[in-house]
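Could you walk me through this structure in the viewer? I would like to know what to select at each stop and what is there.

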Amino acid sequence: MRILENIINKFLTKVTFNYAEIHYKFKYSFSLYNMNEPEIIFDAPYRLSPNQSLPISLIIKDAHLFPIDIKEIKILGPNDELLFEFKENIPINKLLFYKIISINSDKLSKYINQKITITPKIKYEINGKIKTAITHNFKQTSHSPLEIFIASENFPLSNKFLWSDLHIHSFFTHDQVEFGAPIEAIAKTAQAIGLNNIAVTDHSYDLDDEMGEYYKPDKNLTRWKNLKKDSEKYSTENLSILFGEEVSCGNKKNQNVHFLVINDEKFIAGNGDSAEKWFKNKPTHLCKKIIETADKNSLLISAHPNEKVPIFQKFLLRRGAWSFSQEKPLNGFQIMNGVVNKRLGKSIKLWTKQLLKGEKLFIYAGNDSHGNFNNFRQIKAPMISLNEKDSQLLGKHRTGIISKNSKSDILKSLKNGKCFITNSFSIDLKIINEFGEIFELGETANGKNLEIKTQCLSNNEFGKIENLKIYFGDLAKQKEEIIFEKNINDFNYSHTLNLQNSGNGYIRAEIKSGKNKKIKIAITNPIWVG
């Protein structure tokens with residue numbers, strides 16, 4: 001069994017699936033994590049912004065196949081403090097059931113600036129037996145409490161920037177291996193985290209199937225229509241929800257890549273890497289064609305462009321990688337995807353290489369979360385094993401946007417690069433010319449005598465900023481150089497740099513601290529000069 005698992009891990013996986021679908025298996029095959037029960041999951045935000053109630057989501061999937069009766073729900077805080085109790089018999093027998101339990105912020109005020117544990121428990125009856133699940137009912141993974149940081153401050157520079165997660169999957173992505181959370185639960189969790197905007201981008205190859213079906217096409221496109229409807233329904237004055245797709249389409253090598261197409265009213269089919277028909281994996285459309293036919297108000301972003309493609313996916317799903325050299329009018333690249341590793345540095349180099357060619361392409365951040373507000377449980381080896389980790393959580397990697405809080409303004413700012421990306425700190429970069437004109441991220445500054453103003457801000461939640469670098473990209477020399485660097489070791493740092501505008505190029509900035517997987521980083525989009 002160990003040899004078999006190692007083989008499967010090496011060739012089939014390094015694939016990450018999120019809320020794990022535990023019931024699917026090949027005909028006459030076995031599954032070590034299969035149970036004759038519905039999936040039962042409690043989830044909650046990884047952090048709680050000031051003055052926000054704590055939403056704890058209970059999600060039960062596939063109870064239409066395995067009916068249960070809920071008998072009792074308890075939510076325990078630190079030191080087993082009872083935060084919520086519910087005792088009532090509720091029969092559950094449908095594809096999706098969810099309940100959002102709200103814990104008032106007053107009950108958590110004594111834990112400000114602390115990471116606390118929340119232990120949710122459910123007692124339920126199935127087939128005449130009473131059972132209890134803590135946090136979830138999956139096999140093979142821990143039933144540890146949920147960990148939540150109770151913040152005393154908003155994200156740094158929230159007075160200027162709106163906060164967005166641009167790559168999220170909802171329950172309208174559900175298939176053989178994974179499923180996401182209902183949009184209402186995502187919305188309430190996102191607002192509790194401190195986000196102002198999210199983009200729900202479900203898989204194109206799931207959105208054209210009937211609800212609860214993996215292979216049965218839906219001519220009415222019910223999932224797609226309900227995605228748009230729920231995005232509008234659960235938008236509030238504090239949180240705007242953009243609808244979209246993660247479209248599977250063909251790159252220049254006719255390989256399947258994933259494309260975030262946000263705010264395009266029409267549905268775009270894409271089934272090349274769906275595994276719905278094995279070995280029929282040719283891309284449905286080329287990405288170039290989608291770019292040419294997209295609505296003018298849509299936002300077009302290549303999803304996780306520098307991600308490593310496992311051998312299994314290359315051969316059976318014909319998956320490939322995005323080229324950073326793309327046709328216009330692609331808006332840019334989602335180079336932050338919930339995980340910080342060496343590929344982020346490589347992605348920055350590939351992106352700046354395009355900038356130095358004169359291309360105006362921007363960078364964005366998201367997390368590719370399918371639910372996963374607090375912990376990431378996944379299928380590690382199909383039919384064999386599950387595992388868990390703390391990456392790709394809703395809202396962990398964010399796009400900070402200079403915008404009014406309306407969908408139209410947010411989309412306009414994102415399309416024009418008036419944003420930066422971060423997993424921690426905030427950074428503001430602007431240029432003021434000799435006439436007092438101010439130029440923000442994504443804009444083009446004119447004038448000869450320019451002041452480059454940089455503001456770097458952190459707080460106790462994220463720790464001190466260690467280093468600032470300001471870059472000038474010289475388009476004539478096709479070279480990027482550091483024009484200012486400073487070791488900061490502080491929470492707050494501002495700097496003004498004078499520049500004589502003598503050539504075409506751009507200015508951008510980065511701040512960071514830590515090393516390897518613990519790197520905290522914020523990266524601006526450019527301001528062009530000349």
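**First stop: the largest cavity**

The lining of the largest cavity is made up of five nonpolar, four polar and three charged residues. Keep in mind along the way that this is a predicted model. To bring the lining up, select Asn271, Gly272, Ser274, Ala275, Glu276, Lys277, Trp278, Phe279, Lys280 and Asn281, then add Leu316 and Leu317. The space they line amounts to about 40 Å³. How many cavities of 30 Å³ or more does the structure hold? There is one.

**Second stop: the second largest pocket**

Now move on to the second largest pocket, with a volume of about 490 Å³. Its lining counts 24 residues, and those closest to the pocket centre are Lys253, Gln255, Gly320, Ala321 and Trp322, so select these five as your starting point. Next, colour helix H7, residues 342-355. With five residues, H7 gives the most to the lining of this pocket. If you colour the lining by class, you will find ten charged, eight polar and six nonpolar residues.

**Third stop: Ser170**

Select Ser170 next, in the loop that runs between strand S10 (161-169) and helix H2 (183-193). Is Ser170 buried or exposed? Ser170 counts as buried because its relative accessibility is 0%, and the cut-off for buried is under 20%. Show the side chains here and look for Asp202: a polar contact of 2.7 Å joins the side chain of Asp202 to that of Ser170. To see what else surrounds Ser170, leave aside the neighbours within four places in sequence; the residues in contact with Ser170 are then Gly180, Ala181, Ile183, Ile186, Val200 and Asp202.

**Last stop: helix H8**

Finish at helix H8, residues 407-415, and select the buried residues Ile410, Leu411, Ser413 and Leu414. Why do these four fall on the same side of H8? They do so because the arc they cover around the axis is only 165 degrees. As a reminder, an α-helix has 3.6 residues a turn, so residues three or four places apart point the same way. Now turn the view to the face of H8 directed away from the buried side, where you will meet the exposed residues Ser408 and Lys412. Then step just past the end of H8 to Gly417, where phi is positive, at about 75 degrees.

Notes
Residues numbered from 1 in each chain as written. Predicted model: local features only at pLDDT ≥ 70, side-chain atom pairs only at ≥ 80, totals over all residues. Heavy atoms only, no water. Buried < 20%, exposed > 50% of the residue type's maximum accessible area, 1.4 Å probe, protein only. Helix = DSSP H or I, 4+ residues; strand = E, 2+ residues; numbered from the N terminus. Arc of directions from axis to C-beta. Polar contact = N/O pair within 3.5 Å; in protein donor to acceptor, adjacent residues only side chain to side chain. Contact = heavy atoms within 4.5 Å. 1 Å grid on protein atoms, 1.4 Å probe; cavity = no way out; pocket = protein on both sides within 12 Å on 5 of 7 lines; lining within 4 Å. Points joined across faces, edges and corners; volume = space filled by probe spheres on them. Nonpolar A, V, L, I, M, F, W, Y, C, P; charged D, E, K, R; others polar.
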